[in-house]
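User: Hello! I am new to this structure. Could you show it to me and explain the terms as we go?

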Amino acid sequence: MELHSKYQVVLVWVMLLLPTLCTSQDFTSSRATYYGSPDNYGTPTGACGYGEYGRTVNDGSVAGVYGLWKSGFGCGACYQVRCKNSQVCDEYGTSVVVTDYGQGDRTDFVMSPRAYARMGRNPDASQELFKDGVVEVEYRRIPCRYGLNNVVFKVQEQSSYPNYIAILVLYVAGQSDITAVEVLQEDRQQWRPMRRAYGVVFDAANPPRGELMLRFQVSGRGGVYWVQAKNAIPSDWKAGQAYDSQVQLN
């Protein structure tokens, strides 16, 4: 009976510790710092190519990454990041969207000031984190959430109608990476690959005339698969304009 009781005690301890162990295993240890910004938001000149979207998405809680850059395929990924000093650090931490490439002192995250401050328990604690400059953190990937927003194709300003088009894929929800984009060559009924120019900018010289039907390759928890836009980019597309795909990811 005594031996049985000991086993019961051990079992109870395992059951109590299991949630903590599982939670810890979800996170990866690293370091984080921040970059200067006049308004505490992100930068519109990030290496992902997002422009103004990269400055304000997720209420300006954005980050440049190093090990998670993945040659640009890491752009748009969302992460929960929390610092480890329980005296000053908020239990949840902050959520960031990857909008840039950035490397600090052995860091994986170089955050906008808004994102970095949100790791603190309160304003005074956030100031302590800023004084430290670099903090020990742990992070995990989380689904991006954009409410009712569909995936949007933005025609980049450097595009030149009708001979050259460069696009960004915005509002990619869930835990998915966009790894390729193709445009339909309608006269041949073939999908034509677009070149990944940099970050998440895909381009094509001499694109097909008429409406542009696009599909994009998604890599995520569900594997690798193609998603075709339900709405085409119109034949008279314009640089700087954004076009709704009528598709949502989750």
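Analyst: Here are a few questions and answers about this predicted model. Residues are numbered from 1 along each chain as its sequence is written. Local features need pLDDT of at least 70 and side-chain atom pairs count only at pLDDT 80 or more, while totals for chains, interfaces and linings use all residues; side-chain values use heavy atoms, with hydrogens and water left out.

User: Why is strand S3 called largely enclosed?

Analyst: Buried means under 20% relative accessible area, with exposed over 50% and partly exposed in between (1.4 Å probe, protein chains only). In S3, residues 78-83, 6 of the 6 residues are buried, so the rest of the structure largely encloses this strand. Strands are DSSP runs of E with at least two residues, numbered from the N terminus.

User: Which way do the side chains of S3 point?

Analyst: Cys 78, Gln 80 and Arg 82 point one way, and Tyr 79, Val 81 and Cys 83 point the other way. In a regular strand, side chains alternate between the two faces of the sheet.

User: What makes S3 and S4 a pair?

Analyst: Two strands pair if DSSP finds at least two bridges between them. S3 and S4 (residues 94-101) have 4 bridges, in the antiparallel sense, so they meet that definition. Val 81, for example, has Thr 94 as its bridge partner in S4. S3 also pairs with S6 (residues 135-142), antiparallel over 6 bridges, where Cys 78 is partnered by Ile 142.
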